[in-house]
Amino acid sequence: MFIDLWKRRTKLVEENLIEELRRTKFLDENLSRAMEYSLMAGGKRLRPILLMAAADASGGNGEKYLQVASAFEMIHTYSLIHDDLPAMDNDDYRRGKLTNHKVFGEATAILAGDALLTLAFEVVLRQKDVPHEILFAVLEEISKAAGAAGMVGGQVIDLRSEGVQIDLATLKLMHMGKTGALFRAAIRCGALLAQAPEEKLAALTSYAENFGLAFQITDDILDVEGDEKILGKATGSDEKNNKSTYVSLTSLAEAKNLAKKAVDDALTALENFDSEADFLRGMVRFLIGRKK
(Lines give C-alpha, C1' and ligand atoms only; values in the text may rest on other atoms or scores of the structure.)
Protein backbone atom coordinates (compact mmCIF):
# COMPACT_ATOMS: atom_id res chain seq x y z
CA MET A 1 0.00 0.00 0.00
CA PHE A 2 2.73 2.47 1.02
CA ILE A 3 4.97 1.76 -1.98
CA ASP A 4 2.03 1.54 -4.38
CA LEU A 5 0.75 4.97 -3.37
CA TRP A 6 4.25 6.43 -3.61
CA LYS A 7 4.67 5.01 -7.12
CA ARG A 8 1.27 6.24 -8.27
CA ARG A 9 1.83 9.75 -6.99
CA THR A 10 5.36 9.82 -8.40
CA LYS A 11 3.86 9.05 -11.81
CA LEU A 12 1.31 11.86 -11.39
CA VAL A 13 4.06 14.32 -10.48
CA GLU A 14 6.29 13.30 -13.38
CA GLU A 15 3.44 13.55 -15.88
CA ASN A 16 2.63 17.01 -14.59
CA LEU A 17 6.27 18.13 -14.70
CA ILE A 18 6.46 17.21 -18.38
CA GLU A 19 3.16 18.95 -19.05
CA GLU A 20 4.39 22.13 -17.35
CA LEU A 21 7.58 22.12 -19.43
CA ARG A 22 5.60 21.59 -22.63
CA ARG A 23 3.31 24.53 -21.94
CA THR A 24 6.25 26.86 -21.18
CA LYS A 25 7.44 29.15 -23.97
CA PHE A 26 11.19 28.98 -24.54
CA LEU A 27 13.27 31.43 -26.55
CA ASP A 28 15.95 28.77 -26.87
CA GLU A 29 15.45 25.01 -27.13
CA ASN A 30 18.82 24.24 -25.59
CA LEU A 31 17.59 25.76 -22.32
CA SER A 32 14.47 23.58 -22.50
CA ARG A 33 16.60 20.47 -23.00
CA ALA A 34 18.88 21.37 -20.10
CA MET A 35 15.93 21.91 -17.76
CA GLU A 36 14.26 18.66 -18.78
CA TYR A 37 17.53 16.73 -18.54
CA SER A 38 17.78 17.31 -14.80
CA LEU A 39 14.09 17.60 -13.95
CA MET A 40 13.29 14.22 -15.48
CA ALA A 41 16.46 12.43 -14.35
CA GLY A 42 14.60 10.33 -11.78
CA GLY A 43 14.77 10.66 -8.04
CA LYS A 44 12.41 9.85 -5.20
CA ARG A 45 10.21 12.98 -5.66
CA LEU A 46 10.20 13.22 -1.87
CA ARG A 47 9.12 16.85 -1.56
CA PRO A 48 5.97 16.67 -3.71
CA ILE A 49 5.08 13.32 -2.15
CA LEU A 50 5.48 14.78 1.35
CA LEU A 51 3.30 17.76 0.45
CA MET A 52 0.51 15.48 -0.72
CA ALA A 53 0.86 13.25 2.34
CA ALA A 54 0.68 16.25 4.69
CA ALA A 55 -2.50 17.40 2.95
CA ASP A 56 -3.95 13.91 3.43
CA ALA A 57 -2.99 13.95 7.11
CA SER A 58 -4.76 17.31 7.45
CA GLY A 59 -8.04 15.92 6.13
CA GLY A 60 -7.59 16.92 2.50
CA ASN A 61 -6.82 15.13 -0.75
CA GLY A 62 -3.16 15.63 -1.57
CA GLU A 63 -3.59 14.90 -5.25
CA LYS A 64 -5.64 18.08 -5.64
CA TYR A 65 -2.46 20.11 -5.12
CA LEU A 66 -0.35 18.71 -7.93
CA GLN A 67 0.70 22.15 -9.20
CA VAL A 68 2.22 23.23 -5.89
CA ALA A 69 3.75 19.78 -5.40
CA SER A 70 5.39 19.93 -8.83
CA ALA A 71 6.79 23.38 -8.07
CA PHE A 72 8.70 21.92 -5.12
CA GLU A 73 10.38 19.40 -7.41
CA MET A 74 11.41 22.20 -9.78
CA ILE A 75 12.99 24.14 -6.91
CA HIS A 76 14.74 21.03 -5.62
CA THR A 77 16.11 20.28 -9.10
CA TYR A 78 17.38 23.85 -9.50
CA SER A 79 19.27 23.44 -6.21
CA LEU A 80 20.85 20.18 -7.37
CA ILE A 81 22.02 21.70 -10.66
CA HIS A 82 23.65 24.57 -8.78
CA ASP A 83 25.07 22.33 -6.01
CA ASP A 84 26.88 20.25 -8.64
CA LEU A 85 28.59 23.26 -10.26
CA PRO A 86 32.40 23.64 -10.08
CA ALA A 87 32.01 26.65 -7.79
CA MET A 88 29.93 24.57 -5.36
CA ASP A 89 30.42 20.81 -4.90
CA ASN A 90 32.02 20.22 -8.32
CA ASP A 91 30.33 16.86 -8.92
CA ASP A 92 30.48 14.96 -12.20
CA TYR A 93 27.55 12.59 -11.62
CA ARG A 94 24.05 12.86 -10.23
CA ARG A 95 21.66 9.87 -10.10
CA GLY A 96 24.06 7.87 -12.27
CA LYS A 97 24.10 10.45 -15.06
CA LEU A 98 26.52 13.22 -15.94
CA THR A 99 25.66 16.42 -14.10
CA ASN A 100 23.97 19.24 -16.01
CA HIS A 101 27.08 21.38 -16.47
CA LYS A 102 29.01 18.39 -17.80
CA VAL A 103 26.44 17.98 -20.59
CA PHE A 104 25.32 21.54 -21.35
CA GLY A 105 28.19 23.67 -20.05
CA GLU A 106 28.45 25.70 -16.88
CA ALA A 107 26.68 28.84 -18.11
CA THR A 108 23.65 26.96 -19.47
CA ALA A 109 23.45 24.87 -16.28
CA ILE A 110 23.32 28.03 -14.17
CA LEU A 111 20.57 29.47 -16.36
CA ALA A 112 18.63 26.17 -16.39
CA GLY A 113 18.60 26.25 -12.60
CA ASP A 114 17.50 29.89 -12.59
CA ALA A 115 14.72 29.12 -15.04
CA LEU A 116 13.43 26.17 -13.00
CA LEU A 117 13.32 28.30 -9.85
CA THR A 118 11.33 31.08 -11.50
CA LEU A 119 9.06 28.66 -13.37
CA ALA A 120 8.16 27.06 -10.04
CA PHE A 121 6.42 30.23 -8.84
CA GLU A 122 4.47 30.46 -12.09
CA VAL A 123 3.36 26.86 -11.62
CA VAL A 124 2.21 27.54 -8.03
CA LEU A 125 -0.02 30.33 -9.34
CA ARG A 126 -1.68 27.84 -11.70
CA GLN A 127 -3.02 25.88 -8.73
CA LYS A 128 -6.81 25.86 -8.86
CA ASP A 129 -9.49 25.73 -6.18
CA VAL A 130 -7.40 27.34 -3.45
CA PRO A 131 -8.40 30.63 -1.79
CA HIS A 132 -6.04 33.48 -2.68
CA GLU A 133 -5.01 34.12 0.91
CA ILE A 134 -3.90 30.49 1.31
CA LEU A 135 -2.00 30.54 -1.98
CA PHE A 136 -0.22 33.71 -0.84
CA ALA A 137 0.72 31.98 2.43
CA VAL A 138 2.08 29.04 0.41
CA LEU A 139 4.14 31.39 -1.77
CA GLU A 140 5.58 33.01 1.34
CA GLU A 141 6.56 29.62 2.78
CA ILE A 142 8.26 28.62 -0.47
CA SER A 143 10.07 31.96 -0.88
CA LYS A 144 11.51 31.81 2.63
CA ALA A 145 12.54 28.16 2.28
CA ALA A 146 14.32 28.75 -1.03
CA GLY A 147 16.04 31.99 -0.08
CA ALA A 148 18.49 33.57 2.34
CA ALA A 149 16.76 32.12 5.42
CA GLY A 150 16.63 28.65 3.86
CA MET A 151 18.43 26.84 1.05
CA VAL A 152 20.62 29.72 -0.12
CA GLY A 153 21.61 30.63 3.42
CA GLY A 154 22.45 27.02 4.23
CA GLN A 155 24.55 26.71 1.07
CA VAL A 156 26.55 29.81 2.04
CA ILE A 157 27.31 28.32 5.46
CA ASP A 158 28.33 25.10 3.70
CA LEU A 159 30.77 26.94 1.43
CA ARG A 160 32.25 28.92 4.33
CA SER A 161 32.69 25.71 6.31
CA GLU A 162 34.85 23.88 3.75
CA GLY A 163 38.19 23.00 5.30
CA VAL A 164 37.07 24.42 8.64
CA GLN A 165 36.11 22.46 11.74
CA ILE A 166 32.61 23.54 12.77
CA ASP A 167 30.51 22.45 15.74
CA LEU A 168 27.32 20.42 15.72
CA ALA A 169 25.14 23.51 16.25
CA THR A 170 26.53 25.17 13.11
CA LEU A 171 26.21 21.92 11.17
CA LYS A 172 22.57 21.59 12.19
CA LEU A 173 21.87 25.23 11.28
CA MET A 174 23.48 24.70 7.87
CA HIS A 175 21.40 21.66 7.07
CA MET A 176 18.20 23.12 8.47
CA GLY A 177 18.64 25.67 5.69
CA LYS A 178 20.25 23.74 2.87
CA THR A 179 18.22 20.54 3.11
CA GLY A 180 15.61 20.83 5.85
CA ALA A 181 13.96 24.10 4.80
CA LEU A 182 12.40 22.70 1.65
CA PHE A 183 11.15 19.56 3.44
CA ARG A 184 9.64 21.78 6.13
CA ALA A 185 8.00 24.05 3.57
CA ALA A 186 6.61 21.14 1.54
CA ILE A 187 4.94 19.60 4.58
CA ARG A 188 3.68 22.93 5.93
CA CYS A 189 2.32 23.86 2.50
CA GLY A 190 0.42 20.57 2.29
CA ALA A 191 -1.14 21.36 5.66
CA LEU A 192 -1.90 24.96 4.69
CA LEU A 193 -3.52 23.93 1.41
CA ALA A 194 -5.78 21.49 3.27
CA GLN A 195 -6.53 24.25 5.83
CA ALA A 196 -5.22 22.28 8.79
CA PRO A 197 -6.01 23.67 12.25
CA GLU A 198 -3.13 25.28 14.16
CA GLU A 199 -2.44 22.28 16.39
CA LYS A 200 -2.08 19.98 13.38
CA LEU A 201 0.10 22.48 11.55
CA ALA A 202 2.39 22.70 14.60
CA ALA A 203 2.62 18.91 14.88
CA LEU A 204 3.38 18.52 11.18
CA THR A 205 6.03 21.24 11.42
CA SER A 206 7.74 19.28 14.21
CA TYR A 207 7.51 16.13 12.10
CA ALA A 208 9.03 17.99 9.13
CA GLU A 209 11.98 19.32 11.10
CA ASN A 210 12.84 15.88 12.43
CA PHE A 211 12.32 14.33 8.99
CA GLY A 212 14.82 16.77 7.52
CA LEU A 213 17.32 16.04 10.27
CA ALA A 214 16.99 12.27 9.84
CA PHE A 215 17.36 12.65 6.08
CA GLN A 216 20.58 14.65 6.33
CA ILE A 217 22.19 12.40 8.93
CA THR A 218 21.37 9.38 6.77
CA ASP A 219 22.89 11.19 3.77
CA ASP A 220 26.11 11.66 5.74
CA ILE A 221 26.10 7.97 6.70
CA LEU A 222 25.57 6.91 3.08
CA ASP A 223 28.53 9.03 1.97
CA VAL A 224 30.66 6.80 4.21
CA GLU A 225 29.17 3.35 3.73
CA GLY A 226 26.82 3.64 0.74
CA ASP A 227 27.15 1.80 -2.57
CA GLU A 228 28.16 4.14 -5.41
CA LYS A 229 26.24 2.04 -7.96
CA ILE A 230 23.03 2.35 -5.95
CA LEU A 231 23.58 5.99 -5.01
CA GLY A 232 24.39 7.04 -8.57
CA LYS A 233 27.19 9.31 -7.36
CA ALA A 234 30.62 9.02 -5.77
CA THR A 235 30.89 8.25 -2.07
CA GLY A 236 33.55 9.66 0.22
CA SER A 237 33.17 13.16 -1.23
CA ASP A 238 32.61 14.73 2.18
CA GLU A 239 35.92 13.43 3.50
CA LYS A 240 37.69 14.31 0.25
CA ASN A 241 36.38 17.88 0.44
CA ASN A 242 37.19 18.07 4.17
CA LYS A 243 33.55 18.76 5.07
CA SER A 244 32.15 18.50 8.57
CA THR A 245 29.33 15.96 8.80
CA TYR A 246 27.38 14.21 11.54
CA VAL A 247 29.72 11.25 11.06
CA SER A 248 32.95 13.25 11.22
CA LEU A 249 31.84 15.34 14.23
CA THR A 250 30.60 12.32 16.20
CA SER A 251 31.13 8.80 14.87
CA LEU A 252 29.38 6.43 12.49
CA ALA A 253 27.66 4.67 15.38
CA GLU A 254 26.59 7.92 17.06
CA ALA A 255 25.32 9.33 13.75
CA LYS A 256 23.09 6.27 13.40
CA ASN A 257 21.78 6.85 16.92
CA LEU A 258 21.06 10.49 16.12
CA ALA A 259 19.18 9.46 12.96
CA LYS A 260 17.09 6.97 14.90
CA LYS A 261 16.24 9.58 17.54
CA ALA A 262 15.13 12.04 14.84
CA VAL A 263 12.89 9.35 13.34
CA ASP A 264 11.43 8.55 16.76
CA ASP A 265 10.78 12.26 17.41
CA ALA A 266 9.07 12.61 14.04
CA LEU A 267 6.79 9.69 14.85
CA THR A 268 6.02 11.17 18.27
CA ALA A 269 4.90 14.38 16.56
CA LEU A 270 2.21 12.35 14.77
CA GLU A 271 0.88 10.57 17.86
CA ASN A 272 -2.43 12.48 17.83
CA PHE A 273 -3.09 11.65 14.17
CA ASP A 274 -5.01 8.57 13.09
CA SER A 275 -4.52 6.44 9.98
CA GLU A 276 -4.58 9.50 7.71
CA ALA A 277 -0.94 10.08 8.73
CA ASP A 278 0.21 6.49 8.13
CA PHE A 279 1.95 7.44 4.89
CA LEU A 280 4.00 10.08 6.73
CA ARG A 281 4.90 7.47 9.33
CA GLY A 282 6.03 5.14 6.58
CA MET A 283 8.06 7.89 4.94
CA VAL A 284 10.18 8.66 7.98
CA ARG A 285 10.71 4.96 8.76
CA PHE A 286 11.89 4.54 5.18
CA LEU A 287 14.75 6.95 5.85
CA ILE A 288 16.53 4.64 8.28
CA GLY A 289 16.74 1.81 5.76
CA ARG A 290 17.28 3.78 2.56
CA LYS A 291 20.25 2.95 0.34
CA LYS A 292 20.16 6.06 -1.87
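Start with the whole surface switched on: the protein chain of this predicted model has an accessible surface of about 13500 Å², and carbon and sulfur atoms own 53% of it. Now colour by burial, and 54% of the 292 residues should come up as buried.

Swap to the C-alpha trace and turn it along its principal axes; the span is about 50 × 50 × 35 Å. The radius of gyration is 18 Å, which agrees with the value near 19 Å for a compact globule of 292 residues. Go to cartoon next, and you'll find 15 helices and two strands. If you draw contacts with a separation of 6 or more, 74% of them join residues 24 or more positions apart.

Next, select Tyr93, Leu98 and Val103. Together these make a nonpolar surface patch of about 260 Å². Zoom in on Leu98, which sits in strand β2, residues 97–98. Is Leu98 buried or exposed? Neither, quite: its relative accessible area is 36%, so Leu98 counts as partly exposed, between the 20% and 50% cut-offs.

Now jump to helix α9, residues 168–193, and pick out Lys172. Lys172 is another partly exposed residue, because its relative accessibility is 40%. Which residues does Lys172 touch, once neighbours within four places in sequence are set aside? Show Leu213 and Tyr246: both are in contact with Lys172.

For a last stop, keep Lys172 selected and add Asn16, 156 residues away along the chain. Draw a line between their C-alpha atoms and it should read 34 Å.

Notes
Residues numbered from 1 in each chain as written. Predicted model: local features only at pLDDT ≥ 70, side-chain atom pairs only at ≥ 80, totals over all residues. Heavy atoms only, no water. Helix = DSSP H or I, 4+ residues; strand = E, 2+ residues; numbered from the N terminus. Buried < 20%, exposed > 50% of the residue type's maximum accessible area, 1.4 Å probe, protein only. Contact = heavy atoms within 4.5 Å. Patch = residues over 30% accessible without salt bridge, like charges linked within 9 Å, V, L, I, M, F, W, Y side chains within 5 Å. Areas by Shrake-Rupley, 256 points an atom, 1.4 Å probe, with all protein chains shown as cover. Salt bridge = Lys/Arg side-chain N within 4 Å of Asp/Glu carboxyl O. Rg over C-alpha atoms; globule rule 2.2 N^0.38 Å.
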